[in-house]
Amino acid sequence: MLFGLPYTNYVEYLAFLSVAGLTLLGGLGTIVARRVFPACLWLLVCLGGVAGLYALLAGHLLMAVQILVYAGAITVLIIFAVMLLQRHTGRIIMAENQHLIGGVLAAGFMATLILVGIFTTRYQPLAFGDTPATFAGDNVKLIGHLLLTKYLLPFEVVSVVLLASMIGALVLARQEPGENPGAAEAPEAESQP
Amino acid sequence: MSPVPLQAYLVVAGLLFAMGLFGVMTRRHAVAALLGIELMLNAANINLVAFSHYLSPNRAINTVLDGQVFVLMVIALAACEVAVGLAIILRLYRTMGVLNPDEASSMKW
Amino acid sequence: MALEYGPVAVLLTFGVALGVAAMVTAWLLRPSDPYAAKQAVYECGMEPIGPAWSQFYARYYLIALVFVVFDVEAIFLFPWAAVFKQLSAATAMGAVPLVEVAVFIVILLIGLAYAWRKGDLEWTR
C-alpha cells in the first residue's frame, strides 16, 4: 500500500500512461512525418501502443493478433508498396501535408465533439452475452466459442470477403506482360535487367 | 481510487481518431492517407475493446467478449482494405502517373 | 490484471535497454573520421547505377498480398483450435466445428488456387 492505494493500481496507471503516450506519439508521427517510409515506422510504434492497450483491457488474444497481423503483415505490405512506388519514381517521395487549415479545423472539430460526447455520457454496465461458464476466464477459448456459435455467419462471411479482396487485389496489382512497370510518363529511363 | 476509468481509453481513442482524420484530409501521398485510415480503424478498435471490458457485468472474469470478436473481424477487414487500397494506388500510379489523391480527378466533371 | 504482463514488461525494458546501451557504447568508443568514400553503397568495387531500391519487383507485392490473407486466416484458426476439443466433445455439436472451419478454409483455398493458376506465385515468368 502506498498513499492508501494498492500497488497494482499504480502499476496499472503507469502502464496505461506509457502505453497511451506511445500510441498518441506514434499517431502524431504517422501524420506529420515528411516522408512515407518514416511514417510507416511511426505507424508501427502506434500499433505497438494499441497492442499494449488491448493487453491492459484483458484482450490477450487481440494483443497477439495486433502484433502478428497489423504490425507483422499489414505494415509489411504497406512498406512493400512504398518501396515499389519508390522504385518506379526513382526518387524519394515526399508526403507533405496540404489543406492544413481545413484539416486542423475538421480534426479539431471532431476531437471536440468526441471529447464532449465522452464526458457528458452516463455509462452503466450492460447485461448481454450468455456465455457458458465452462470457458469463463479463458479468453481464447471464449472467443473461439463465440466465433463458432453466435458469430458463425460473420466468421464464414469474413472468408468470402478475404477471398474477394485477395482476387481483386491480385488483378489490380498484377503487372501485365509488356506493361510499362513505371508511370505512363515516367521521368527517367528505367534500367530494366 | 478505482482502476483506470473507461473515459481514459475513450479519450485516447478519440484523439487517435482525430489524428487519423487529419492525416486522411491533408496528406499529399495516397499511401500516407491510407495510414491515416489505419489510425482511425485502430481508434475504433480501442473503443470496442474498452466498452466490452468495462460495460460487462463481471469485469473480474470478463465473460462478455463480443467486442473482442468484433475487433477480430475489423482487423480482418482492415487487412482486406489495405490490400485492395494499395493495389488501387499502384494501378492508379501505373495508368495515370499520380500519387496525390487530389490529382486523380478524371472521374470528376 | 496489469501484473500478469510483468514478465513482458521486464522483457521489453531489458530488450530496449540492451539495444540503447549497445548503440551508446559504440557512440562513446568509436573514433569519428568521416570521409566521402564511406557514403558509397559499396566501399570498393563498381559504382552503382540507379537507386538502391531498384531491385524491387511487383512480384514481391503479390506474394506479400497472399501472405497477408493467409495470416488473417491463421488468426481465425487459433481460437478455433483452442476450443475445438471441448466444443466437439459436447453432445449437440459433434463434427460441426470441423465442418465450419473446413468451409472457411476451402473458400480461401479457392483464392490460393486462383493465384497459383494465374502464375502469381512463380518467381520468373
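# A guided tour of chains A, B and C

Chain B reads α-α-α along its sequence. Select this chain for the opening view: three helices are present, and there are zero strands. The model is predicted, so colouring by pLDDT is a natural preliminary. For chain B the average pLDDT is 85, with 89% of the residues scoring at least 70. Among the elements of chain B, helix H1 (residues 6-26) has the highest mean pLDDT, 93, and helix H3 (residues 66-96) the lowest, 90.

Display burial next. Of the 109 residues in chain B, 60% are buried. Among the contacts of chain B between residues at least 6 apart in sequence, 41% join residues at least 24 apart.

**A residue in chain B**

Select Ala76(B), which lies in helix H3 of chain B. Is Ala76(B) buried or exposed? Ala76(B) counts as buried because 25 C-beta neighbours lie inside 10 Å, where the threshold for burial is 20 or more. Now show the contacts of Ala76(B), leaving aside its neighbours within four places in sequence: these are Val158(A), Leu162(A) and Val72(C). For a distance along the chain, select Asp66(B) as well; Ala76(B) and Asp66(B) are ten residues apart in sequence and 16 Å apart in space, C-alpha to C-alpha.

**Chain A as a whole**

Turn to chain A, which has six helices and zero strands. Its pattern along the sequence is α-α-α-α-α-α. Buried residues account for 36% of its 193 residues. Of the contacts in chain A with a separation of 6 or more, 51% are between residues 24 or more positions apart.

With pLDDT colouring still active, chain A has a mean of 80, and 76% of its residues reach 70 or more. Select residues 183-193 of chain A: pLDDT stays under 50 over this stretch, for which the model has 15 contacts beyond four places in sequence.

**The loop between H3 and H4 of chain A**

Select Met94(A), located in the loop between H3 and H4 of chain A. Met94(A) is exposed because 11 other C-beta atoms lie within 10 Å, and the limit for exposure is 12 or fewer. Which residues does Met94(A) touch, not counting residues up to four places away in sequence? They are Arg34(A) and Arg35(A). Add Val36(A) to the selection: Met94(A) and Val36(A) are 58 residues apart in sequence, yet their C-alpha atoms are 6.7 Å apart in space.

**Where chain A meets chain B**

Show chains A and B together and select the residues in contact. The contact takes 83 residues from chain A and 70 residues from chain B. On the chain A side, at least two residues each come from H1 (7-32), H2 (36-56), H3 (60-89), H4 (100-120), H5 (139-148) and H6 (152-173). The largest share of this side, 13 residues, comes from H3(A). Coloured by class, the side of chain A that touches chain B has 63 nonpolar, 17 polar and three charged residues.

**Where chain A meets chain C**

Replace chain B with chain C in the display. Here 46 residues of chain A are in contact with 41 residues of chain C. At least two residues of the chain A side are supplied by each of H1, H2, H3, H5 and H6 of chain A. Which helix gives the most to the side of chain A that touches chain C? H3(A) does, with 14 residues. By class, this side divides into 32 nonpolar, nine polar and five charged residues.

**A helix pair across chains A and C**

For the last stop, select H6(A) and helix H3 (residues 96-117) of chain C. The two helices pack with their axes 9 Å apart, at an angle of about 5°. H6(A) is therefore roughly parallel to H3(C), as angles under 35 degrees are classed in this way. Show side chains along the pair. From H6(A), the residues making the contact include Leu152(A), Phe155(A), Glu156(A), Leu163(A), Met166(A) and Leu170(A). From H3(C), they include Glu100(C), Phe104(C), Ile107(C), Gly111(C) and Tyr114(C). The residues of the contact of H6(A) with H3(C) comprise 15 nonpolar, two polar and two charged.

Technical notes:
Residues numbered from 1 in each chain as written. Chains lettered and ligands numbered in written order. Contact = placed C-beta atoms within 7 Å. Helix = DSSP H or I, 4+ residues; strand = E, 2+ residues; numbered from the N terminus. Nonpolar A, V, L, I, M, F, W, Y, C, P; charged D, E, K, R; others polar. Axes fitted to C-alpha atoms, helices over the stretch in contact; angles between N-to-C directions. Parallel < 35°, antiparallel > 145°, perpendicular 65-115°, else oblique. pLDDT = per-residue confidence, 0-100.
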